[in-house]
Amino acid sequence: MSFERDLVRELNELRRDPKAYSYKVQKYKDYFEGNILKIPGAQAGIKTEEGPAAYEEAINFLGNASPADEMVPSKGLFYIASDFLAMVQKETDPNNLKNIDMDSIISRHGNFVGNFSRSMEFGGATPEQVIVNLVVSDGDKTRGQRDALLNNNLKKVGVASGTHETYRTASIIVGCTQFENSSGNDDYSI
């Protein structure tokens, strides 16, 4: 549970001051050899699609991004993230994740009002790596996950992290404007 708590803290650090957060992305950009990201202490390098150019683009984006309100943990969203993570952990082909019915997962725990987002990250060993990887969104030209992390319409958050057979780790972040838990109380302390 401490990983999830730290992941929410890391997300809120990004949201409070995206410009200041760019120094973390810069740190990772400095670990490149060609298109291989070699994080000190990691067992192996990570082959990226875009290489350091994606990190430079993320740094520039964060330099111009507006701060967003901190997200508040939601019990219902935590359950949604956990249910989705359980499905992700069973799937070895990320392309098949598009077939997971999020509506049925959400409806088991309540319903959301306003915007809803789901971000997935694979391989991040620390909360910082998870957020940096989502901000950079290597290989995803839309950068939709980055936009979700900084969407000021998203006020509630739920996170879940665990092991993954292919990618070692998987982290799920779900957010929404407002969540109505089926039990009524959605306050959550992680």
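Which residues in H2 meet which residues in H6? In this predicted model, Tyr21, Lys24, Val25, Lys27 and Tyr28 make up the H2 side of the contact, while H6 contributes Glu128, Gln129, Ile131, Val132, Val135 and Val136. Below is a friendly tour of that contact, of the helices H3 and H1, of the loop after H6, and of a residue in strand E5.

**Where H2 and H6 cross**

- The axes of H2 (18-29) and H6 (127-136) come within 10 Å and cross at roughly 90 degrees.
- With that crossing angle, H2 and H6 are therefore roughly perpendicular to each other.
- Sorted by kind, the residues of the contact of H2 with H6 are seven nonpolar, one polar and three charged.

**Helix H3 and its covered face**

- H3 runs over residues 52-64, 13 residues in total.
- From the first C-alpha of H3 to its last the reach is 19 Å, close to the 18 Å expected at 1.5 Å a residue.
- Ala54, Tyr55, Ala58, Ile59 and Leu62 are the buried residues of H3.
- Looking down the axis of H3, these buried residues fall within an arc of 140 degrees, so they line one face of the helix.
- The general background is handy here: an α-helix has 3.6 residues a turn, so residues three or four places apart point the same way.
- On the other side of H3, you will find Ala53 and Asn64 exposed.
- The cover over the buried residues of H3 includes the helices H1 (2-16), H2 (18-29), H6 (127-136) and H7 (144-149), together with the strands E1 (32-33) and E2 (36-37).

**Helix H1, one of the elements covering H3**

- H1 is among the elements that cover the buried residues of H3.
- It has 15 residues and reaches 21 Å from its first C-alpha to its last, close to the 21 Å expected at 1.5 Å a residue.
- The buried residues in H1 include the nonpolar Leu7, Val8, Leu11 and Leu14.
- Glu4, Glu10, Asn12 and Arg15 in H1 are buried as well.

**The loop between H6 and H7**

- Serine 137 sits in the loop between H6 and H7, and its phi is near 50 degrees, a positive value in a residue other than glycine.
- The relative accessibility of serine 137 is 5%, so this residue counts as buried.
- Arginine 143 also lies in the loop between H6 and H7, and it too is a residue other than glycine with a positive phi, about 55 degrees.
- Arginine 143 is buried, because its relative accessible area is 8% and buried means under 20%.
- Aspartate 140 is another residue of the loop between H6 and H7, and at 25% relative accessibility it counts as partly exposed.
- Aspartate 140 brings the loop to H3: its C-alpha is 9.6 Å from that of alanine 54, although the two residues are 86 apart in sequence.
- Alanine 54, for its part, is one of the buried residues of H3.

**Valine 113 in strand E5**

- Valine 113 has its place in strand E5 (residues 110-122).
- With 35% relative accessibility, valine 113 counts as partly exposed.
- Cysteine 176 is 63 residues away from valine 113 in sequence, yet the two are 7.2 Å apart in space, C-alpha to C-alpha.
- Neighbours within four places in sequence aside, valine 113 is in contact with Thr177, Gln178 and Glu180.

Terms used: Residues are numbered from 1 along each chain as its sequence is written. This is a predicted model: local features need pLDDT of at least 70, side-chain atom pairs count only at pLDDT 80 or more; totals for chains, interfaces and linings use all residues. Side-chain values use heavy atoms; hydrogens and water are left out. Helices (H or I, at least four residues) and strands (E, at least two) are DSSP runs, numbered from the N terminus. The expected span of a helix is 1.5 Å times one less than its number of residues. Buried means under 20% relative accessible area, exposed over 50%, partly exposed in between (1.4 Å probe, protein chains only). The arc is that of the directions from the helix axis to the C-beta atoms. Contact means heavy atoms within 4.5 Å. Axes are lines fitted to C-alpha atoms, for helices over the stretch in contact, and angles run from 0 to 180 degrees between N-to-C directions. Angles under 35 degrees count as roughly parallel, over 145 as roughly antiparallel, 65 to 115 as roughly perpendicular and the rest as oblique.
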